[in-house]
Amino acid sequence: MTFEERVTAVKGNVFTDRQARFLVTVMLHSGVCMDRHYCAFARIAHGQNTTDFFSLLVGRKLATAYLCAHKRARIFHVHHRSLYEAIGEPNNRFRKPTPIGQAIERLMLLDAVLASPDVFWLATERDKLAHFTLLLRTQLQRDELPHLTFGCGDQITVRYFPDKLPIGVADGGREHIFTYLVTRAAPVDFRAFLQRHAELLRALPVWTIRLLVPAHYREASDAFVSAWQQEFARPLRLSTADELRWFFEEQRRRRDNPDCDGHDAPRYARARHAFASPRYRTLYRSWLRDGAKAIDGTVSPVLADAIQRGTGRLECDVLGHPYLHLSPLVGTS
């Protein structure tokens, strides 16, 4: 379904066009919202219109309102199945009750989406898969898109775009914006995110990684910038990649056969020291999962060239709203 089709389906005889557009945005990107989000979306001051809208949602049991401990803010969880069925997402995970930590993270993502109303935001796995499959056609194979594989044998499940983060389409479709929400001080998960998306980014003419940084993680920004530079701006030499392949094979052999010393102990010791950084530890996990292609891409200069030309960028967007005060929720209104 297109966004407009979703708006029409939600609108019915109950909501105004503006209310329906807001609800579709919330259901696609977060499942939760606050009064201020509707005000920002509608570009209105908080008043009777906002109060009536959320009273309608809660009164019809389409959403539940959770009151914060200081009683100055509420988080609304939009969960009714009929609304999600209307947008073609009856089993969307946002319908389920959410721990407060995840709810706050989703509020951050909604803030980021609403802050760029001129950008078209892809939200669901199905929408992202359809968009990039049509855009790139034969440039990328389906298994080169960001994905994770779960299970084994006949029980394998492949999840595309598993990070479940909004991807923006801007400049008439020429530029793509990949958001990443900082939720910890160390960029361990961020490195894995970059490695998953590397092949897709190489196929795009203009791209931006937009770091969404909560104010309490502002000091961690430098570590994320450094990780980005290491992953994308410094391709490996062919000789280094060859040694890395040997080291990974040897490391797996020693893991699977702990009683065996393996081959060429001095060489292994040198490689273990050389490849001890977080970049290679993350790459090893990718290699265990994806095989040789995890290393093959590290020698490509395409991403480094894009960064040098300015067609590949990293933005650090420090989120302007406070969030920590939302943690102590105390009941339902």
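Which residues in H10 meet which residues in H11? Let's start there, and then visit a hairpin and the nonpolar cores.

## About the model

This is a predicted model, in which local features need pLDDT of at least 70, side-chain atom pairs count only at pLDDT 80 or more, and totals for chains, interfaces and linings use all residues. Residues are numbered from 1 along each chain as its sequence is written, and side-chain values use heavy atoms, leaving out hydrogens and water.

## Where H10 meets H11

Glu 243, Trp 246, Phe 247, Glu 250, Gln 251 and Arg 254 in H10 meet Ala 265, Arg 267, Tyr 268, Ala 271 and Arg 272 in H11 (contact means heavy atoms within 4.5 Å; helices are DSSP runs of H or I with at least four residues, strands E runs of at least two, numbered from the N terminus). By type, these residues split into five nonpolar, one polar and five charged (Ala, Val, Leu, Ile, Met, Phe, Trp, Tyr, Cys and Pro count as nonpolar, Asp, Glu, Lys and Arg as charged, and the others, Gly among them, as polar).

## A hairpin

Strands E5 (residues 147–150) and E6 (residues 157–160) pair in the antiparallel sense over four bridges (pairing requires at least two DSSP bridges). Thr 149 has Val 158 in E6 as its bridge partner. Six residues lie between the two strands of this hairpin, and Gly 151 in the turn has a positive phi of about 85 degrees.

## Around Trp 207

Beyond its neighbours within four places in sequence, Trp 207 is in contact with residues including His 176, Phe 178, Trp 228, Leu 303 and Arg 313.
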